[in-house]
Protein chains: 2
Amino acid sequence: MSTRLRNHRIRLAARPHGEPTSTDYQHDVVDVPSPADGQVLLRTRYLSLDPYVRGRMSDAESYAAPMEIGDVIVGATVSEVVESAAEGFTAGDVVLSYGGWQEYSVEAAESLRVLNPDGAPLTTALGVLGMPGFTAYAGLLAIGRPQPGETVAVAAATGPVGSAVGQIAQVLGARAVGIAGGEHKVERLREFGFDAALDHRTPDLGARLAEVTPDGIDVYFENVGGRVWDAVLPRLNEFARVPVCGLAASYNATSLPDGPDRSGQLMGAVLRKSLTLRGFIQREFAPTMFEDFLREMTGWVESGRVRYIEDIHEGLDSAPDAFVGMLRGANLGKTIVQVS
Amino acid sequence: MSTRLRNHRIRLAARPHGEPTSTDYQHDVVDVPSPADGQVLLRTRYLSLDPYVRGRMSDAESYAAPMEIGDVIVGATVSEVVESAAEGFTAGDVVLSYGGWQEYSVEAAESLRVLNPDGAPLTTALGVLGMPGFTAYAGLLAIGRPQPGETVAVAAATGPVGSAVGQIAQVLGARAVGIAGGEHKVERLREFGFDAALDHRTPDLGARLAEVTPDGIDVYFENVGGRVWDAVLPRLNEFARVPVCGLAASYNATSLPDGPDRSGQLMGAVLRKSLTLRGFIQREFAPTMFEDFLREMTGWVESGRVRYIEDIHEGLDSAPDAFVGMLRGANLGKTIVQVS
């Protein structure tokens, strides 16, 4: 059966210099292979677009090996089993996979997690109940450790990580301050019940942030960097914790910013305020925390305690533009491509 | 009795711009006051010179309130009770105090710790068995947490903090790499049994450090900053811990260094390698760890497992030059002034 199927793929044609452009991609259509023993053939339903993928397009040192030229662009997917050569899987099963930017993929059965189609919407497995939601949960609980009454700040706060950070912080009894790009996003943060919401484009961001954090900031969940970080640093309290899971503002940067060199000043703040800066990738905590996350977060989502936004684009061909838009902050919520 | 005594003091006359000079100090001689109820009159025997004092001479934001113009320069002292108006203290007792740069001081009894004159040499209460030794112990055990076989690096490694860091790391089963300024200091590190020792003035510090850390660096105890940190950062392993207790290289800096701005690059390394940077002041850990420290460290010193160097200057008038020398790294070991 699978021999008659054709697979549309988007592959890496060149390493982007700055923002990815159309010439960095190559589209092709190839025959769909049959699954070998222990594998399944999957049809992609939803493709997740995530900032870390920009890092893997470069060959600079990173926490994950770079893609090779010619590789299908990577990405998590919600996929449906078309043909199974693996025990425990049958056609029609819906799974969380890592199929990438293509319509079909063949995967080893042990790499898949079966999703319950009668539970939360399937797309949530890529967002609030998936890697982004777990990044928020693990970074807050394992590193940020907000205490009741403390102030937690987060940027890209309508994004899938940021919106979960703020709302989980409130579940834990902390005050949530969200920073996002544009008034329409700030409005959504207010709807979500953030205790304060700011537009990072406001010219006096530092002063505005000071107004809404009268007791300083105890946890800053860093996923952006850049000028939000510049505004946050002076507001951090003694013993503040800074989980660092991303620096989206600099992912397209092609050179270091002009001086002066403020790296020593940053270390000085770490010393003076007894700060904790801790980088992390969610997979570090998955073995010990993912099960608790899935149980707790599913409960919070089902009860409406934690809300989420999704930004769904139609068709695989929309992925390159949607990806650049997400890196620019043009998206609202979790960026997903509906592939089939 | 005390009314006939005269007290030579060194006070802050002006906030230093860069390296402190003689015009930043004012020497005077005043009558020694009598102790009020609950106080004791102390004669300073040994005065400790420590890098943090440079920070307190400035009015820039710091972890401790700045000194005021006219204040006696601060510093820990080993002092002898001359006259007591406090229960539990009698003339002749030797105490750890915070008398500062003067020959006599009057202190509240509850701020003092009585020293055993028959134990370790009294000067050790200012160094290996005092605040510097405890800084090393607490930073390593509470933040650095070296595991057996891991590599611990430290700069200013013949200094009172650095030499304790390296030797405690070895007690814990880790490999100790010491960095210090000048061949004579490197020689001392070898005598102390550091697994590797480097001169930070070597032009190819990064390459030399790579040679002696073939398995990377798991804990870097940061008390210097500057170009040692630049050489260390690329050698840090995933999940490395960086206790930050000082940045001596920049204490006399009067402006930010030229660009490019590498602060974002530093955050990038934190993210990529899942680093922990944690500033701390030893007093954070004193309530929970000081007693254990004193017991363990005294044992290590008495058994010769932990060795130390002291650099003792004669007379209170030697303090200003000795202080500048210490900030320049001209000292070898713990800088102490023998006042009387």
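By what turn and what shift along the axis can chain A be laid on chain B?

**View 1. Chain A laid on chain B.** This is a predicted model, where local features need pLDDT of at least 70, side-chain atom pairs count only at pLDDT 80 or more, and totals for chains, interfaces and linings use all residues. A turn of 180° and a shift of 0.0 Å along the axis do the job, with an RMSD of 0.1 Å (least squares on the C-alpha atoms of residues with pLDDT of at least 70 in both copies). The two copies are thus related as by a two-fold rotation axis.

**View 2. Around the rotation axis.** Among the residues of chain A, A:Gly259 comes closest to the axis, its C-alpha sitting at 1.7 Å. The copies meet through the same surface, because 100% of the interface residues of chain A are also interface residues in chain B (contact means heavy atoms within 4.5 Å).

**View 3. Helices H2 and H3 of chain B.** Look for H2(B) at residues 131–144 and H3(B) at residues 160–171; residues are numbered from 1 along each chain as its sequence is written. Helices here are DSSP runs of H or I with at least four residues, and strands are E runs of at least two. The two axes, lines fitted to C-alpha atoms over the stretch in contact, come within 8 Å and cross at roughly 45°. Contact residues include B:Tyr137 and B:Leu140 of H2(B), and B:Val161 and B:Ile168 of H3(B).

**View 4. Chain A on its own.** Chain A has 9 helices and 15 strands. Its C-alpha atoms fill a box of roughly 65 × 45 × 35 Å, taken along the principal axes.

Technical notes
Chains are lettered from A and ligands numbered from 1 in the order in which they are written. Side-chain values use heavy atoms; hydrogens and water are left out. Axes are lines fitted to C-alpha atoms, for helices over the stretch in contact, and angles run from 0 to 180 degrees between N-to-C directions.
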